[in-house]
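Good morning, colleagues. Thank you for allowing me a few minutes to introduce a structure that is new to this group.

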Amino acid sequence: MALGNPLSIRFQENGILGMIANRHLQFVGINYFSSARTSGTPQGLSLEKCSDKKDTLYKSVEIEVRSGEPAVLLSYEWFTSYAAKQLGITIGKCWAPPKAHHNRLTLLKSIHIYKKHRVQYEIRTYFRHMTYERLTESTLKTFLEYIQRNVPEGVAVKVTKKSVLNLPPSLNDSVRRLSLQ
């Protein structure tokens, strides 16, 4: 096993080349492994868990959190951003609307009469939006599992994913024909 850059491991054994790269927490991956062979791997690495299925790529993931307390949302944003930095996830735009959403409810003070005597209740809901870019499915699952297990009380989380897909074959042929002209 040859040790390269800090936090980077590269090894070759009996024709199997593998690389686990984690430089500046940017990329972690294992390449050029076949799942047919399981014995003789260095440091007891098992190749049974490596599958031929490709990870889904996500262009961006937007996380919307809402609560009645803006300080809790700010603290939770700091927590998720810190967790994303530790996992090497690219942090996009984090923002909050300038005003809270107000839901007002007006009720009579008395249940029978006195229509001019009313009381008004108000519920304020604060929002925060956080965007994370260029994730794989496995990284996203790990990240969401971690941040959803640590959601404070009274906070709701909504996750919106935008995945990267291949063009359908019918469109792919059309694009090739247009590029040749």
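I shall begin with the protein as a whole and then turn to two of its residues.

This is a predicted model, in which local features need pLDDT of at least 70 and side-chain atom pairs count only at pLDDT 80 or more, while totals for chains, interfaces and linings use all residues. Residues are numbered from 1 along each chain as its sequence is written, and side-chain values use heavy atoms, with hydrogens and water left out.

The protein contains three helices and eight strands; here helices (H or I, at least four residues) and strands (E, at least two) are DSSP runs, numbered from the N terminus. Along the sequence, their order is β-β-β-β-α-β-β-β-α-β-α. Of the 181 residues, 23% are buried, where buried means under 20% relative accessible area, exposed over 50%, and partly exposed in between, with a 1.4 Å probe and protein chains only.

The first residue is Val 65, which belongs to strand S4, residues 57–67. Val 65 has a relative accessible area of 0% and is therefore buried. Beyond its neighbours within four places in sequence, Val 65 has contacts that include Leu 73, Tyr 126, Phe 127 and Val 157; contact means heavy atoms within 4.5 Å. His 129 lies 64 residues from Val 65 in sequence, yet their C-alpha atoms are 6.5 Å apart.

The second is Arg 134, in strand S7, residues 118–136. Arg 134 counts as exposed because its relative accessibility is 59%. Its phi is near 55°, a positive value in a residue other than glycine. Most residues other than glycine have a negative phi.
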